[in-house]
Amino acid sequence: MELKVVKASVEKSEGLGWGKSLLVPSIQEILKNDSQSVPERYIQEQKDRPLISQNPFDSLQVPVIDFSMLAQKDANEIRKLDLACKEWGFFQIINHGVREEIMVNMKAAMAAFFELPFQEKSKCAKAANEIQGYGQNFVVSEKQKLDWCDMMFLKTFPHETRNFKFWPLTLPGFKEAVEEYSTEIRKVSNKIDANLSVLMGMDQNGLKRKLGEFQQGIRMNYYPTCSRPDLVLGISPHSDGSLFTLLLQDDEINGLQIKHKEVWIDAKPIPNSLVVNIGDAIEILSNGMYKSIEHRAISNEKKPRMSIATFVMPGDEVQIGPLDSMVNEKHLPRSYRNIKYIDYIRQKFAMKMQGKAHTAIVKL
């Protein structure tokens with residue numbers, strides 16, 4: 001059986017970029033040839049396999065924040081946000097202002113891309129020493145276990161970071177859907193940033209003043225069905241390197257799990273909501289008050305699942321470290337060292353997804 005590997009673009013990216021990843025087969029193409037077998041490299045070690053049948057912690061729910069109440073500066077909702085960031089690192093937001101039509105169009109554009117023939121998708125393959133494009137990231141060894149997922153990653157803001165050689169520009173409506181969705185999500189992320197600034201002892205523009213213009217990147221995840229979902233992981237456990245991440249889930253199929261108090265909890269989809277999680281950069285800036293949390297994705301045998309993760313990040317050259325407002329030498333001493341964001345991201349992409357191993361790099 002010929003394995004169709006997503007080959008890197010011949011044209012190389014300029015500079016060092018954020019990182020690189022080894023080439024791996026497309027799981028979609030593997031399944032076209034054999035939909036029942038699970039290749040050995042995708043079978044997780046026994047200790048890492050998900051519990052598919054019945055989750056004993058099914059009753060636990062990720063906190064839900066009403067974004068319209070935050071906009072009104074409702075004290076109770078602000079307190080709920082603070083607790084969600086401290087105790088969970090995850091929350092779902094409703095009434096966020098992004099029209100349903102825009103989210104539907106984004107999902108449709110993504111689905112259309114992954115329905116393209118392999119040769120067409122491969123025209124958007126990642127370049128050498130680059131993380132944008134179609135392929136896979138965080139593959140650093142020929143021996144590591146692989147995720148049951150194909151993905152596409154695009155930088156969307158600032159505009160000058162967009163590299164259209166990785167965009168399927170001939171696919172009708174794709175560019176327009178991504179541009180409209182990323183613009184609307186940016187408005188939501190600005191409001192989240194303002195609320196986090198206040199919670200961390202600054203005014204609403206505190207983080208923007210310190211970090212400058214934020215970057216935005218979108219990762220589109222396609223999780224095919226699997227005949228043995230108990231053996232594989234859609235995405236391995238990890239925390240995000242972002243300030244925070246906004247996830248548009250499949251409304252019908254659950255797949256996201258988060259680690260809460262050492263157990264895996266299903267983040268059950270709420271139609272038209274967005275899941276928000278704290279990233280490593282906010283953990284560092286908050287001096288550990290708000291922690292990025294391990295999460296993973298599981299697969300299922302009934303229906304493919306898709307999700308769209310939007311990462312909000314500092315600029316590459318920005319130094320991140322604990323904010324003065326979050327350090328108290330007597331009660332809350334500095335727990336992280338300062339690091340340039342690009343250096344943190346390069347170290348992160350040089351490792352496989354491995355829980356919280358990345359934040360250990362900057363802990364004092």
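Two strands count as paired if DSSP finds at least two bridges between them. Strands (E, at least two residues) and helices (H or I, at least four) are DSSP runs, numbered from the N terminus. The model here is a predicted one: local features need pLDDT of at least 70, side-chain atom pairs count only at pLDDT 80 or more, and totals for chains, interfaces and linings use all residues. Residues are numbered from 1 along each chain as its sequence is written, and side-chain values use heavy atoms, with hydrogens and water left out.

**Exercise 1. Work out the strand order of the eight-stranded sheet, then find what packs on it.**

Step 1: Walk across the sheet. The order reads S1-S2-S10-S7-S12-S5-S4-S3; the sheet is open and its pairing is mixed.

Step 2: Check the ends. Strand S1 (64-66) and strand S3 (133-135) are the edges, each pairing on one side only.

Step 3: Get the twist. Neighbouring strands are turned by 25° against each other on average, direction ignored; axes are lines fitted to C-alpha atoms (for helices over the stretch in contact), and angles run from 0 to 180 degrees between N-to-C directions.

Step 4: Zoom in on the S3 end. S3 and strand S4 (residues 150-157) run antiparallel and are joined by three bridges, and glycine 135 sits opposite methionine 151 of S4.

Step 5: Add the helix. Helix H4 (residues 100-114) packs on the sheet and touches S3, S4, strand S5 (215-223), strand S7 (244-248) and strand S12 (305-313). Contact here means heavy atoms within 4.5 Å. The direction of H4 makes about 115° with that of S12.

**Exercise 2. Do the same for the four-stranded sheet.**

Step 1: The order is S6-S11-S8-S9, in an open sheet with antiparallel pairing.

Step 2: Strand S6 (235-238) and strand S9 (263-266) each have a single partner strand, so one side of each has no neighbour in the sheet.

Step 3: From one strand to the next, the twist averages 25°.

Step 4: Strand S8 (residues 256-260) pairs with S9 over four bridges, with glutamine 257 opposite aspartate 266 of S9.

**Exercise 3. Find out why cysteine 226 has no disulfide partner.**

Step 1: Set the rule. A disulfide is a pair of cysteine sulfur atoms within 2.5 Å, and by this rule the count comes to zero.

Step 2: Look for the closest candidate. The nearest cysteine sulfur belongs to cysteine 149, and at 13 Å that is too far for a bond.

Step 3: Check burial (under 20% relative accessible area is buried, over 50% exposed, partly exposed in between; 1.4 Å probe, protein chains only). Cysteine 226 is buried at 2% relative accessibility, and cysteine 149 is buried at 2% too.

**Exercise 4. Locate the largest nonpolar core and its best-connected residues.**

Step 1: Define it: buried Ala, Val, Leu, Ile, Met, Phe, Trp, Tyr and Cys residues joined through side-chain atoms within 4.5 Å.

Step 2: Count. The largest core has 91 residues, and Tyr181 and Met220 have the most contacts inside it. Helix H6 (residues 174-199) gives the largest share, eight residues.

Step 3: Follow methionine 220. Leaving aside neighbours within four places in sequence, its contacts include Met106, Met110, Phe114, Met151 and Val178.

Step 4: Don't miss the other one: a second, separate core of 13 residues includes Val24, Tyr42, Val139 and Leu231.

**Exercise 5. Is lysine 348 buried or exposed, and what does its side chain reach?**

Step 1: Lysine 348 lies in helix H9 (residues 341-349) and is buried, with a relative accessible area of 4%.

Step 2: The lysine 348 side chain reaches the backbone oxygen of serine 239 at 2.8 Å.

Key
Polar contact = N/O pair within 3.5 Å; in protein donor to acceptor, adjacent residues only side chain to side chain.
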